[in-house]
Amino acid sequence: MAALADIVAALEGIAPLRLAAEWDSVGLLVGTRRTTIDRVMACLTLTEAVAREAVRQRIDMILAHHPLPFRPVGRITDDSSTGRILLDLLGGGIAVWSSHTAWDSAAGGINDQLARMMQLDHAVPLQPDPSEPTVGIGRAGDAAAGVTVGGLATRLMNALGASDRSVAIAGCQVAGDVDRPAGRVGIVCGSGGELVPVAAAAGCTTFVTGEIRLHDAIAATAAGLSVIAVGHHASERFSMAGLAGRLADAVPGLSCEVSRADVDPLAWITA
């Protein structure tokens, strides 16, 4: 059992909240700082199923990547999904913490891990943090000579499938020529289409993200970039086991596990 203050300190050491985007909602979102925590459960998205799982498992704290609540809540009733989730959590005395874009940007965070999965060299932030240039938004690194866009996509899908058995990688979206060299690769986990101009300015020729809008993909190819989109859930979910493990190492005696109810709401089907 650990004081919530010790858990907060450990999480901010792993993913400093100052790295979060200005629009983000991060940190302690539900709960009281005076409590003590025995069991933590990590998930990508805090759905109703995940909340029910946490109550059944007598979890004390949920470490959710996607913040909930994200926007201000005017009322908490069972008329909405957010209300039902919050009522379940409050009834079970379960706290919620989110690192979200801070974990995306941190050293060893999601984008760093994606760069390692693709075996990129010389990975650096796309947008370095002003006070700590070795961390920041996204990553850019060099694929080995001879690695094509299609080969890089396959390498990433295989790595994601091997790292998280709960993620079924049945394919990914690619824009541009799959047979061209991958070259310099820009990475933004989750939904990264808005960073296409940043990747292009950084000299990238391939852009890897979770999901991308049609017009952002068209803009990317017009700017000379190929695009690989592996799915929002797949591009981030794998990292939560690692974050839970790092928290367990930092706070001795704390039980940390990963949700089994946290699944991709989008599935591939074949004709």
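In this predicted model, strand β13, helix α8 (residues 214–222) and strand β14 form a β-α-β unit that is right-handed. The two strands of that unit, β13 and β14 (residues 226–229), are parallel and pair over four bridges. One of the pairs sets Thr206 against Ser226, its bridge partner in β14.

Strand β13 also has a neighbour in strand β12 (residues 184–191), to which five bridges join it, and these two strands run parallel. Here Val185 stands opposite Thr206 in β13. From β12 the chain passes through helix α7 (residues 196–201) to reach β13, and this β-α-β crossover is right-handed. Thr206 therefore faces Val185 in one pairing and Ser226 in the other, where DSSP bridges define strand pairs. How much of β13 is covered? Five of the six residues of this strand (residues 206–211) are buried, and the strand is mostly covered.

These strands belong to an open sheet of six, in the order β7-β10-β12-β13-β14-β11, with mixed pairing. Its edge strands are β7 (121–124) and β11 (173–175), each of which pairs on one side only. On average, neighbouring strands of the sheet are turned by 20 degrees against each other, direction ignored. At the β7 edge, two bridges join β7 to strand β10 (residues 139–142), and these two run antiparallel. In this pairing Asp121 stands opposite Asp142 in β10. Strands of a sheet pair through backbone hydrogen bonds, either parallel or antiparallel.

Helix α5 (residues 110–117) lies across β7, β10 and β12, and runs at about 135 degrees to β12. Is this helix enclosed or open to the outside? Seven of its eight residues are buried, so α5 is largely enclosed by the rest of the structure. The buried residues are Ile110, Asn111, Asp112, Gln113, Leu114, Ala115 and Met117. They include Asn111, Asp112 and Gln113 as well as Leu114. After the helix comes Gln119, whose phi is positive, near 60 degrees.

Helix α6 (residues 149–163) has 15 residues, which at 1.5 Å a residue should span 21 Å; the C-alpha atoms at its ends are 21 Å apart, which agrees. Which residues of α6 are buried? They are Val149, Leu152, Ala153, Leu156, Met157, Leu160 and Gly161. Viewed down the helix axis, these buried residues fall within an arc of 165 degrees, so they line one face of α6. That set packs against α5, β11, β12, β13, β14 and α9 (232–237). On the other side of α6, Asn158 and Ala162 are exposed. The buried face of α6 thus has among its contacts helix α5, and α5 itself lies across strands including β12.

A second open sheet has five strands in the order β2-β6-β5-β4-β15, again with mixed pairing. Strands β2 (27–30) and β15 (255–258) stand at its edges with a single partner strand each, so one side of each has no neighbour in the sheet. The twist from one strand to the next averages 25 degrees. Within this sheet, strand β5 (residues 61–64) and strand β6 (residues 95–98) are parallel and pair over three bridges. Ile62 has Val96 as its bridge partner in β6. Helix α10 (residues 239–250) lies across β4 (39–43), β5 and β15, and runs at about 180 degrees to β15.

Two residues in other helices show local packing. Leu86 has its place in helix α3 (residues 81–91). Its relative accessible area is 4%, so Leu86 counts as buried, the limit being under 20%. Leaving aside residues up to four places away in sequence, Leu86 touches Val30, Leu68, Pro69, Val73 and Ile76. One of these, Leu68, is 18 residues from Leu86 along the chain, and their C-alpha atoms are separated by 8.5 Å.

The other residue, His100, lies in helix α4 (residues 100–105). His100 is buried too, with a relative accessible area of 11%. With residues up to four places away in sequence again not counted, His100 touches Trp23, Asp24, Val26, His65, His66 and Pro67. Among these contacts are the histidines His65 and His66.

Note on methods
Residues are numbered from 1 along each chain as its sequence is written. This is a predicted model: local features need pLDDT of at least 70, side-chain atom pairs count only at pLDDT 80 or more; totals for chains, interfaces and linings use all residues. Side-chain values use heavy atoms; hydrogens and water are left out. Buried means under 20% relative accessible area, exposed over 50%, partly exposed in between (1.4 Å probe, protein chains only). A crossover is right-handed if, with the strands pointing away from the viewer, the path from the first strand over the helix to the second runs clockwise. Axes are lines fitted to C-alpha atoms, for helices over the stretch in contact, and angles run from 0 to 180 degrees between N-to-C directions. Contact means heavy atoms within 4.5 Å. The expected span of a helix is 1.5 Å times one less than its number of residues. The arc is that of the directions from the helix axis to the C-beta atoms.
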